[in-house]
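Thanks for coming. I will go through helix packing first and then the internal cavities. Please have the model open in front of you.

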Amino acid sequence: MSERETWATRAGFILAAVGSAVGLGNIWQFPFKTAQYGGATFLVVYLVAAFGIGLPAMLSEFVIGRKSNLNTISAFERLGYRQWRAAGIVGLLTGFWILSYYSVVGGWVLRYVGGSVTGAYFGDAGAYFGTISAGLPAVALHAVFMALVVGIVAFGIEDGIEKATKLMVPSILVILVALAVWAFTLPGSGPGYAYFLSPDLSQLRLTVGTTGSFPWVTFGGPLAEIIPFAVSQAFFSLSLGMGAMITYASYIDGDESLFGDSVTIVVFNSLIGILAGLVVIPLLFAQGAEPGAGGAGALFVSVASAFATIPFGRVVGFVFFLVVLVAALSSAISLLEVVVSYAVDNYAVSRPQVAAGLGAAIFVLGLPSAWDTAWLTWFDTLAYQLFLPLSVLGILVFTGWVFGRAAVDELLRGTGFGGGMGALWLWTVRTVVLLGVLLTLVLGLITLFGGPDPAIVPPL
Ligand code: PHE
């Protein structure tokens with residue numbers, strides 16, 4: 001086996017991890033899920049989850065990856081816990097599952113880059129979205145997006161991924177800030193800020209009751225329905241529970257503060273989500289749309305139709321969707337990298353071969369989502385309410401209760417922190433963080449099996 005690649009620099013690793021984290025999760029999903037599931041209340045739960053659960057969970061993945069220097073499945077074996085490869089497999093499957101529909105949405109973005117040049121969506125963005133988001137056009141776009149991802153991954157980590165992500169973060173920040181300022185000037189956008197930023201604390205309620213029969217416990221209050229979406233949104237957005245951060249950390253060669261790296265990543269990622277919210281949500285209000293009604297089309301209908309009304313709309317639209325495309329690509333490559341890395345580490349196969357073969361398999365899995373957005377929603381729901389919390393739970397149980405002290409030693413390497421900080425991390429991973437994810441999983445399963453979920457849009 002050839003020598004394993006590593007990141008050229010520490011900044012290279014951070015950029016790639018930020019590139020993985022920042023993607024459609026921030027720009028497409030976060031605004032529309034926030035609008036759908038309670039506005040500012042969702043934002044509060046999301047932020048608590050990102051810093052309170054996401055950060056410690058990310059550290060867990062980093063520790064597993066850096067200590068083992070192996071892909072997400074073999075990592076557990078090298079650490080001496082062969083049976084725990086199951087946790088790696090769950091993560092790998094979750095990533096596979098998510099990439100299948102992620103690529104479909106990536107295809108829509110690709111189409112909008114072209115549509116901005118020709119002005120195709122300027123007449124009626126809603127109708128345009130309807131035409132390109134399903135059926136054969138969507139299948140074709142899904143194929144093109146997946147081909148791009150395969151192409152980048154085939155070149156290997158340094159040439160492909162490191163270079164592709166370098167430009168993205170600064171450009172995304174600039175364009176989102178500019179759009180947010182512009183949205184602020186629009187008449188009618190005002191109530192959007194209240195909806196997004198001023199939480200109604202009475203909504204932060206979770207009640208627990210018991211019953212005499214299965215499932216013995218019942219949950220009520222707005223949080224019962226917000227938690228599964230908001231916490232899983234944090235996992236999705238931070239690329240957790242899919243082996244991505246384990247895999248990326250496995251290419252780290254040397255001591256660096258994993259703690260510092262992960263804080264940088266979580267802060268950046270949250271910032272970009274909030275900025276996207278500051279663009280999309282005020283726009284929805286300015287256009288008089290019901291905040292929860294936009295659904296998966298919010299970005300592609302509201303933001304796109306807004307471009308039709310501004311000077312140089314085509315140029316702005318083109319740059320905007322191009323940046324979203326780069327963000328989507330840098331995330332998608334990290335998902336494919338998880339599976340490719342496993343194959344390359346374990347079998348005598350070349351990177352391009354595996355990338356192409358797996359890319360084709362993921363393309364096929366994504367066909368239902370490309371054909372009909374109802375399937376896409378179903379894939380997405382299952383990822384949020386089952387796969388993501390289950391997978392993160394596995395990682396936390398492993399690092400907290402199985403790997404334990406050894407995980408702390410690895411975490412402290414390169415930080416300059418004393419053992420106190422490590423002990424605190426271990427304690428939270430074992431208790432509150434773990435319970436938080438368990439609660440998310442239980443509530444997710446209840447929502448999943450408890451019938452259709454009503455979008456929560458409290459009155460303003
Ligand atoms: N975090 C990415 C996003 O927000 C999606 C992603 C998930 C990427 C998992 C890699 C792994 O778009």
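**Helix packing and cavities**

Helices α7 and α16 are roughly antiparallel to each other, because angles over 145 degrees count as roughly antiparallel (under 35 is roughly parallel, 65 to 115 roughly perpendicular, and the rest oblique). Before the details, note that this is a predicted model, in which local features need pLDDT of at least 70, side-chain atom pairs count only at pLDDT 80 or more, and totals for chains, interfaces and linings use all residues. Residues are numbered from 1 along each chain as its sequence is written, and side-chain values use heavy atoms, with hydrogens and water left out.

Back to that pair. Helix α7 covers residues 135–154 and helix α16 covers residues 351–365; they pack at about 160°, with axes 9 Å apart. Helices here are DSSP runs of H or I with at least four residues, numbered from the N terminus. Axes are lines fitted to C-alpha atoms over the stretch in contact, and angles run from 0 to 180 degrees between N-to-C directions. The crossing of α7 and α16 is right-handed, meaning that the near helix is turned clockwise from the far one by less than a right angle, with anticlockwise being left-handed.

Which residues of α7 and α16 meet? From α7 they are V139, H142, A143, M146, V150, V153 and A154, and from α16 they are R351, P352, A355, A356, G359, I362 and F363. Contact means heavy atoms within 4.5 Å. That contact divides into 11 nonpolar, two polar and one charged residues. For the classes, Ala, Val, Leu, Ile, Met, Phe, Trp, Tyr, Cys and Pro are nonpolar, Asp, Glu, Lys and Arg are charged, and the others, Gly among them, are polar.

Next, α5 and α15. Their axes come within 8 Å and cross at roughly 160°, and therefore α5 and α15 are also roughly antiparallel to each other. Here the crossing is left-handed. By class, the contact of α5 with α15 has 22 nonpolar, six polar and one charged residues.

The third pair is α2 with helix α3, residues 40–68. Their axes are 7 Å apart and the packing angle is about 130°, which makes α2 oblique to α3. α2 passes α3 in a right-handed crossing. In this contact, F30, K33 and T34 of α2 meet F42, L43 and Y46 of α3, giving four nonpolar, one polar and one charged.

Now the cavities. Rolling a probe the size of a water molecule over the atoms shows where empty space is left. A cavity is a set of points, on a 1 Å grid over the protein atoms alone, where a 1.4 Å probe fits but cannot get out, and lining residues have an atom within 4 Å of a point. Grid points are joined across faces, edges and corners, and a volume is the space filled by probe spheres set on the points.

How many cavities of 30 Å³ or more does the structure hold? Two. The largest has a volume of about 110 Å³. Its lining has 14 residues, and S20, F236, S239, S331 and L335 lie nearest the centre. Helices α1, α2, α5, α11 and α15 each supply at least two lining residues, and α15 gives the most, with three. The lining of this largest cavity has seven nonpolar, seven polar and no charged residues.

The second largest cavity holds about 30 Å³ of space. F259, L411, L412, T415, F417, M421 and W425 line this second cavity, with α19 and α20 each supplying at least two residues. By class, the second lining has six nonpolar, one polar and no charged residues.

Definitions and conventions. 1 Å grid on protein atoms, 1.4 Å probe; cavity = no way out; pocket = protein on both sides within 12 Å on 5 of 7 lines; lining within 4 Å.
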